[in-house]
Amino acid sequence: MSFVNETKSTPIQNDTGASVRADINSNMAAIYSLNASSSTPSAANSVARMIWADESTDELKIRNGTNTSFITIGSLNETNLGLAKVASPAFTGNVTVPAGTVGSLPVSFSGDSNTGFFKNSADDFSIVTGGTRRAHVDSNGITIRDRKALRLRDTSNSNYVAIRAPSNVASDITLTLPNSDGDANDVLQSDGSGNLSFTALPQAVPTGSVHMMATTTAPAGYLKCDGSAISRTTYAALFTIIGTTWGAGNGSSTFNTPDLRGEFVRGWDDGKGTDSGRSFASSQSDQNEQHNHSASSTVGSHTHSYAFAQGSGGGVGNNFGGSGITSVTQSGGRLAELEQSGGNDGQDLRGYTAETEGTQPSGSTTIANQGGNEARPRNIAMMYVIKT
């Protein structure tokens, strides 16, 4: 180690005895200060890069390159002066690293330089995997980027429950959880502004409700509405709701479901007056509303023709069998008059060779029955089930 004189030159220069002595004393003071002292060596007794043990703080210090102040190296009470070793360092003070970028991480891992941490912006701590910024922590909280999921593993770490954002949202959404865990069977509801709360909700499908099914098999939690007698114990919830309204079963341990097979269901009148006089769960037989049918018929006229035979030489024969005509009078070779039985003269038929008589008969009309054995609208057969 070399020391300098007061003129900051080395070695000690030839000078008068007093000057040389002063230079020697300064260098000796600097040498003494390497041991320790409780006060900072003066600038006159210090040189750049000199080491000094500060007894007031038990720290080892070194003079800076401009010889203006001392820099603390470490603690004299710690192994290795409290400095991190090459293997397994333990830091007790603050560790500062450069901000870095995604492509140049200030903190990364041996053999995986694409995974680590960096400062993206002020107050932003970002996590990088595979060379991509996956999440960051800032004053708003933790943000998981690119629709990646937050995965919550089970106790065996073999499966997880994941939460992630939808594909696209029109604006930011914040859901604020309630300040309690609610009661049994409560559900979460939103106030429209993202504030969630627990609230009691009626059973999604109430026990005793009836539904149509487009299948012949009743789903779990339902029974066919076929009038079956079922256990009052096994189906206690349903029995509490409908009781023996649709049948008392064996009167003690069973009760009946509604039998809606082949039936149309009509809304209970409940005092409206449209279907008055009906009690709940009562049935009706089919019928048609009273009404009249109108009918008309038209019968055309008909004629009776009376034929006669003309005799030889222009005479007329009496060929009117069954007509009640007993004689015929001829005039000018034509039929002139008919003589009916009983002495009554007939019409003067001179100029005619036959008589036509028209009549308007009377009669009745019968309307025949049409249709089947019931009144019904057009329909499709489906199966009714009841919620247990």
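Colleague: Before we discuss pockets, which residues count as nonpolar, and which as charged or polar?
Modeller: Ala, Val, Leu, Ile, Met, Phe, Trp, Tyr, Cys and Pro count as nonpolar, Asp, Glu, Lys and Arg as charged, and the others, Gly among them, as polar. Please keep in mind that this is a predicted model.

Colleague: How do the residues lining the largest pocket divide on that basis?
Modeller: Its lining holds 20 nonpolar, 12 polar and 12 charged residues.

Colleague: And how much space lies in the largest pocket?
Modeller: The space amounts to about 1,500 Å³. Of the 44 residues lining this pocket, Leu260, Glu263, Phe264, Val265 and Arg266 are the closest to its centre.

Colleague: Which strands each supply at least two residues of that lining?
Modeller: Strand E13, spanning 210-213, and strand E22, spanning 383-387, each do so. The largest share comes from E22, with 3 residues.

Colleague: What is the volume of the second largest pocket?
Modeller: The second largest pocket has about 980 Å³. It is lined by 22 residues, and those closest to its centre are Ile144, Arg164, Ala165, Pro166 and Ile173.

Colleague: Which strand gives the most to that lining?
Modeller: Strand E8, residues 141-144, gives the most, namely 4 residues. The lining as a whole consists of 11 nonpolar, 7 polar and 4 charged residues.

Colleague: Changing topic, how many salt bridges does the structure hold?
Modeller: There are 7 salt bridges in the structure.

Colleague: Arg266 came up earlier; which side chain does arginine 266 meet in a salt bridge?
Modeller: Arginine 266 meets aspartate 275, at 3.6 Å from N to O.

Colleague: Is aspartate 275 buried or exposed?
Modeller: Aspartate 275 is buried, because its relative accessible area is 10% and the cut-off for buried is under 20%. Arginine 266, at 49% relative accessibility, counts as partly exposed.

Colleague: What about glutamate 374; which side chain does it meet in a salt bridge?
Modeller: Its partner is arginine 376, with an N to O distance of 2.8 Å. Glutamate 374 is partly exposed at 44% relative accessibility, whereas arginine 376 is exposed at 54%.

Colleague: Which residues are joined into one network by salt bridges that share partners?
Modeller: Asp54, Glu59 and Lys61 form that network. Within it, the side chains of glutamate 59 and lysine 61 meet at 4.0 Å, N to O.

Colleague: Where does lysine 61 stand, buried or exposed?
Modeller: Lysine 61 counts as buried, at 13% relative accessibility. Glutamate 59 counts as partly exposed, at 26%.

Technical notes:
Residues are numbered from 1 along each chain as its sequence is written. This is a predicted model: local features need pLDDT of at least 70, side-chain atom pairs count only at pLDDT 80 or more; totals for chains, interfaces and linings use all residues. Side-chain values use heavy atoms; hydrogens and water are left out. On a 1 Å grid over the protein atoms alone, a cavity is a set of points where a 1.4 Å probe fits but cannot get out, and a pocket is an open set with protein on both sides within 12 Å along at least five of seven lines; lining residues have an atom within 4 Å of a point. Grid points are joined across faces, edges and corners, and a volume is the space filled by probe spheres set on the points. Buried means under 20% relative accessible area, exposed over 50%, partly exposed in between (1.4 Å probe, protein chains only).
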